[in-house]
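Good morning, and thank you for joining. I would ask you to bring the structure up on your screens, and we shall then go through it together.

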Amino acid sequence: MKLKVKTCHFNYILGLLITSLVLLMVLIGFFYTPYDPNEMNVALKNNPPTLAHLLGTDNFGRDILSRVMKGAGTTYIIAVVVVIIGGTLGTIVGTLTGYFGGWFDEVVMRLNDVLTSFPSILLALVFVSVFGPGTYNIIIALGIIFVPSYARVVRSEFIVLKERDFVKNAKLMGAGSFRIMFIHILPNTRRVLIPALLIGFNNAVLAEAGLSYLSLGVQPPQASLGRMLSEAQSYMIDSPWYAIAPGLMIILTILGFSLISGGMENE
Amino acid sequence: MLIRKLTKVLLLISVFTIALYGCSGRKEDTNKSMTPANGKLSFTELTKAAQSEPTYGGSITVGITQDLDGLDPHKALSAGTKEVLFNIFEGLVKLDYDGNLVPAVAESYHISEDGMVYTFTLREGVRFHDGSLVTADDIVYSIKRCADMLTPKDPTVIVESALSVISDVGSTSERTIEIRLKQAETELLPYLTCSIVPKDYDKLDTKPIGTGPFKFLSYTPLQSIVLERNDQYYMEDTPYLDQVTFKIFSNTDTAFMDLQGGNLDILPYITDSQVSQLPKGYHMESGAMNLIQGLFINNKVEPFDNKLVRQALCYAVDRQAVIDMVAGGRGNVIGTNMYPGFKKYYDESLVNVYPYNPEKSKKLLKEAGYPNGFKFTIKVPSNYQYHIDTAQVIVEQLKQVGITAQIQLIEWSSWKSDVYRGRNYETTLVGLAAELAPRQALARFRSYADNNFMNYINPEFDALYKQGEIEGVEEKKIQLYKQMQAMLTNDAVAVFIQDPYQMTAVSDDLGGYTYYPIYVQDMSLVYYYKQEFESD
């Protein structure tokens, strides 16, 4: 028992460490990159890592470290906005359906089921092919696709919590529905909601990478982790450092966040 | 527990990395066996050809990166479809690899002195793939279909506008066909490569029948099209192969992976980086692609309706740098809408009209009223990595003069509908494939042309074009064509970039792969070497 607590604790710290390292790199990337991430140079085409270019250069002679820093920034912003959109809408839907129940719950949750019954990448593809590719469109597409999962999580918490004594007390004291929902119950869902948001962030990072890989997301020459992977594909054998850098960045991001959210759930 | 897992994962990653680094060691070997980029035949092939004879038989798989947009030769639009159908269909005449028109279904032809009547004599004993003899009726029908002279009209047929000068087609005897024209036209012959199909045959879309060296066997959309040797082909020594499968891939990367897995024998249009990754047993062959790659501009939309802006774009693009970056220097800079392959007609001096000069470009922008540059979108079909790469380099170059260009990747099918037909775009980066007649390269710039997707409107150009159509004296015609080319360059209708080299991965067991001045994959000349084939 004691040992288990210790491992959780350790995972949590390790996750924090990895995440803060990655975040630091991305934050610096917003203000400073060693080179202009889009600057091309014929003389530096496909160069392996050197001291001047720590992660090597790509097929246009662009500095991969700079591109990873900038690209991870793009990917993270997309992921954060997607989680904000999906999380907010999902929480509202989950709150209302979970609290009120009845026919309203039935109708909304069935709609939810319809949305979840399609694979999310397919929905995103449909959305993007209708509204055209581009950063904003994939944010909206992914945001909408993320709604059902949050709605479900919040709803089930609400169903349990609304029967608890503190809710009944609040009701007896004459608190309005709105107040009970958002002041009394919602803060108590954080134990489940926050890890869900973190995992959602991970999924959003992967989804962005996937869509940009299919050249539907971020448009070249703008860098994003998915875009870089897609471009690196043709150079896998020749210049593996090109694919490894963005790939490793995705792995570290997801590992860090998973460790944190895992630690949180066990706390 | 998790730590241990983590170390394992990290270990795996590092092992994988090392393994990949190990792979790159092969690069040098393949480079050595590679050929100079200019020759038609590779070194390996030349040495082999000396020691081994072509053999008959065998089957090959060729990778293509575009699904066919139809099997009816008169309805196909994409160059990617035409290059496959070339093996199934033939016209009265046919283009050979030197760019000459050689008799195909016709045995000989005669053009009257005034250029008003073309007379063809049918080759004896030419049969369709279903075994029936080709008759004069079939030919009259086929030409009428191409020229949109049938009643009722078939709206899905892509009408060859050059054939609109035909007033009447008829057979004067069983083996003679006479084509009478409304006006004198001396350059009609290239368009008579229009495919000959059986009269009133209504299954061309599903079971195409032609007279070419290969018969159609089967087609599975998004998968493959299989062709089979035509035993009754009138040329006795070709084709060599029994069966050719064109395997369809969604992009060059997946196709190349299949090649590396040893599943393909020929893969055309490989990229510069793929050349250095060619697996053992393959070599590279290259030739000019006869493709006009350019940043094509919608001359009707702001700010490109201003000639100065278009010229500023031309000055801002360093074309040699583009070629060095995306193709390792394999390509020829061009300056106008004409294929360098048509040497007689091509005006080489136009390459130097817009040398790279960002200062000049900025000055022109200021003059045009855009001192701080402007923003625009480049639409690029997402299946052509080559064009996407080129677009990225251009975006970067335009930044130097303060112009912000954004790339938008679109599906090939929506490129055709929105950009090419709908003309709903600002600029687009693609390649225009070579057509049969040199004039065809200029035809799309007539104000009224259906395929004038750049919205170029210039009555002077139209007038010159009309003159060119009826001009019978070759020297004068060349003069006119060069005048038209110069007009296009001076008006900066587009930023003409380059005629890229085409690189093809070919199995070392195969010989006879031939480059044409137009976009075709002629499989009738491909054969297996004797020794290699048997030892395998």
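Which are the buried residues of helix 10, residues 358–368, of chain B? Please bear in mind throughout that this is a predicted model. The residues in question are Ser361(B), Lys362(B), Leu364(B) and Leu365(B). These four cover an arc of only 160° around the axis, which means that they sit on the same side of helix 10 of chain B. The general rule behind this is familiar: an α-helix has 3.6 residues a turn, so residues three or four places apart point the same way.

What covers that side? Part of the answer is helix 8 of chain B, residues 307–316, which is included in the cover over the buried residues of helix 10 of chain B. As for what comes after helix 10 of chain B, the residue that follows is Gly369(B), and its phi is positive, near 95°.

Let me turn to a strand. Strand 11 of chain B, residues 243–248, has two faces: Val244(B), Phe246(B) and Ile248(B) make up the covered one, while Gln243(B), Thr245(B) and Lys247(B) make up the uncovered one. Strand 11 of chain B is joined to strand 2 of chain B, residues 59–64, by six bridges, and the two run parallel. With strand 10 of chain B, residues 224–229, strand 11 of chain B runs antiparallel, and there the bridges number five. Gln243(B) serves well as a landmark here. Gln243(B) is the bridge partner of Ser59(B), and Gln243(B) is also the bridge partner of Glu228(B).

Chain A presents another picture. Chain A has 10 helices and zero strands. Its C-alpha trace spans about 75 × 50 × 30 Å along the principal axes. Of its 267 residues, 46% count as buried. Among contacts in chain A between residues at least 6 apart in sequence, 70% join residues at least 24 apart.

Finally, the interface. Here 27 residues of chain B are in contact with 19 residues of chain A. On the chain B side, the elements that give two or more residues are helix 1 (2–23), helix 7 (272–275), helix 9 (319–327), helix 11 (385–399) and strand 17 (404–410). Which element of chain B provides the largest share of this side? That is helix 11 of chain B, with six residues. By character, the chain B residues that touch chain A divide into 11 nonpolar, 12 polar and four charged.

Thank you; I would welcome your comments.

Terms used: Residues are numbered from 1 along each chain as its sequence is written. Chains are lettered from A and ligands numbered from 1 in the order in which they are written. This is a predicted model: local features need pLDDT of at least 70, side-chain atom pairs count only at pLDDT 80 or more; totals for chains, interfaces and linings use all residues. A residue is buried if 20 or more other C-beta atoms lie within 10 Å of its own, exposed if 12 or fewer, and partly exposed in between; C-beta atoms are placed from the backbone. Two residues are in contact if their C-beta atoms, placed from the backbone, lie within 7 Å. Ala, Val, Leu, Ile, Met, Phe, Trp, Tyr, Cys and Pro count as nonpolar, Asp, Glu, Lys and Arg as charged, and the others, Gly among them, as polar. Two strands pair if DSSP finds at least two bridges between them. The arc is that of the directions from the helix axis to the C-beta atoms.
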